[in-house]
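I opened the model to look up how its strands pair, how two of its helices cross and where its nonpolar residues gather. My entries follow in that order.

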Amino acid sequence: LLAGTVVMKNIPITGQRLATDHLASATRRTAAFLCDLLWLVPLTYGLLLVIPVEKRWSSLILLNLIPLFLLLLWSLCETVLQTTLGKTLWGLKVVDEDGRPATLAQTLLRNCFRLLDTNPVGYLCAALPSKKQRPGDIASGTLVIRAPRGGKGWVALPLFLLLAGGLFVAGLKNSQSFVRKDYGVRFVSTQIPLL
């Protein structure tokens, strides 16, 4: 204020702009997220089952890296493809507020707010404002719009399902996972079998 200056965002002229006047409703976005759970839940369980429980330090490190991996994977989907499995099925895309594809930094910031956004207040925020943005969208400067389903989304559908299904099957076949019959959790000096 004292210097009389402003900080402006430098937007490179790259990427095709999409019309941002067809904003996705909170209902459509919720349905898309529920569809995304069809690949996220098996993927997460597959990752958990692939972790070898016999190696304590590596399993501890891998267990703590799973949320970061899922955050990065989700953000990469929304950056490279502008969509996820559920958004493809519902005809939605994630874009910058000016209609250009969102950057990786924007989608990472957007998805860091996911825990805050998946409560009733977050959905209320997406339903009430004129731009239908949840807090993560407001912080990252992104919009979710209704857009024609592109070829990238349809190509990605089998990839999402194969990745989730493949990891889930690999996890079930892992002989060192925590679901085997002889595995137990040790509290103090007692052993309680899981199965």
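**Strands, helices and cores**

I find strand β1 joined by 5 bridges to strand β2 (residues 142-146), the two running antiparallel; strands are DSSP runs of E of at least two residues and helices DSSP runs of H or I of at least four, numbered from the N terminus, and strands pair if DSSP finds at least two bridges between them. This is a predicted model, in which local features need pLDDT of at least 70 and side-chain atom pairs pLDDT 80 or more, while totals for chains, interfaces and linings use all residues. Residues are numbered from 1 along each chain as its sequence is written, and side-chain values use heavy atoms, without hydrogens and water.

I noted Ile145 as the β2 bridge partner of Lys93. In β1 (residues 92-96), 5 of the 5 residues are buried, so the strand is largely enclosed by the rest of the structure; buried means under 20% relative accessible area, with a 1.4 Å probe and protein chains only.

I then turned to α1 and α2, whose axes come within 11 Å and cross at roughly 145 degrees, the axes being lines fitted to C-alpha atoms over the stretch in contact and the angles running from 0 to 180 degrees between N-to-C directions.

For the largest nonpolar core (buried Ala, Val, Leu, Ile, Met, Phe, Trp, Tyr and Cys residues joined through side-chain atoms within 4.5 Å), I listed 18 residues, of which Trp39, Leu40, Leu43, Leu47, Leu70 and Phe160 touch the most other members. The helices α1 (26-50), α2 (56-81) and α8 (151-173) each supply at least two of its residues, and α2 gives the largest share, 6 residues.

Notes
Buried means under 20% relative accessible area, exposed over 50%, partly exposed in between (1.4 Å probe, protein chains only).
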